[in-house]
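Visitor: Please show me the model. I would like to ask how its labels are earned.

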Amino acid sequence: MRQIVLDTETTGLEWQKGNRVVEIGCVELLERRSTGRTFHRYLHPDREFEPGAQEVTGLTLEFLADKPRFAEVAEEFLAFIDGAELIIHNAAFDLGFLNAELARIPGTGRIEDRCTIEDTLAMARQRFPGQRNSLDALCKRLGVDNSQRQLHGALLDAQILADVYLAMTSGQREIGFGEEAAAAAVEATVLLDALEAPPRVRVRVQTEEAEAHAARLAALEKKAGRCLWRELEAEAG
């Protein structure tokens with residue numbers, strides 16, 4: 001089975017308000033093993049970021065000024081994901097944005113016309129009811145290393161989500177596993193993936209940048225009384 005673990009970053013929370021995709025990250029799995037193939041693009045959004053969005057990703061309009069528009073990479077992106085099962089955390093969010101981008105390009109259709117979808121947020125809520133199921137929370141629960149995730153980044157988050165998905169689904173096809181054996185199988189699979197998979201790209205964030213990011217979010221929360229970006233992160237990673 002060919003699977004693509006996918007994540008996006010955007011200028012805001014709602015595509016219905018004209019927000020755009022600024023980054024796409026994809027990681028390919030074949031028979032539950034990383035192939036080393038990825039798709040990663042930064043995109044020029046042709047609009048400003050909403051308040052708070054820039055601080056979450058660390059991206060700026062200056063950095064994105066010379067990057068391609070979505071329409072310029074759409075064909076390559078669709079060819080990469082075509083026919084695969086997409087693994088997405090909070091799939092409605094990413095699909096809403098991607099389909100809105102595709103709607104601006106005549107004849108491209110929708111993502112669901114090309115791929116099947118597996119939503120790891122829905123999967124986690126079913127497996128861990130009543131618990132926090134953000135990407136960070138799942139990493140802690142399943143023992144997945146997310147130490148480099150100081151800011152949201154589409155490729156890094158897709159790579160982390162691939163590990164989370166494999167950990168959550170390890171042993172599903174086995175019959176007769178007790179709880180202890182199933183836990184051991186999860187640990188063994190995660191270790192084997194780490195040993196055999198090609199090295200993953202790690203985005204290192206400077207301490208000053210991480211501190212500035214945290215301070216900015218705190219200031220926004222203090223000023224507004226709440227911070228939607230923090231709430232979204234707590235819910236969906």
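**Helix crossing and sheet**

Guide: Helix α5 passes α7 in a left-handed crossing. This is a predicted model: local features need pLDDT of at least 70, side-chain atom pairs need 80 or more, and totals for chains, interfaces and linings use all residues. Residues are numbered from 1 along each chain as its sequence is written, and side-chain values use heavy atoms, without hydrogens and water.

Visitor: Why is the crossing of α5 and α7 called left-handed?

Guide: Left-handed means that the near helix is turned anticlockwise from the far one by less than a right angle. α5 (residues 120-127) and α7 (residues 154-169) pack at about 40°, with axes 11 Å apart. Axes are lines fitted to C-alpha atoms, for helices over the stretch in contact, and angles run from 0 to 180 degrees between N-to-C directions.

Visitor: What makes the contact of α5 with α7?

Guide: Contact means heavy atoms within 4.5 Å. α5 gives Thr120, Met123, Ala124 and Arg127. α7 gives Leu161, Tyr165, Ala167, Met168 and Thr169.

Visitor: Why do β3 and β5 count as edges?

Guide: The open sheet has 5 strands in the order β3-β2-β1-β4-β5, with mixed pairing. Two strands pair if DSSP finds at least two bridges between them. β3 (33-42) and β5 (116-119) each have a single partner strand, so one side of each lacks a neighbour in the sheet.

Visitor: What makes β4 and β5 a pair?

Guide: 4 bridges join β4 (residues 85-88) to β5, and the two run parallel. The definition asks for at least two, so they pair. Ile87 stands opposite Glu118 in β5.
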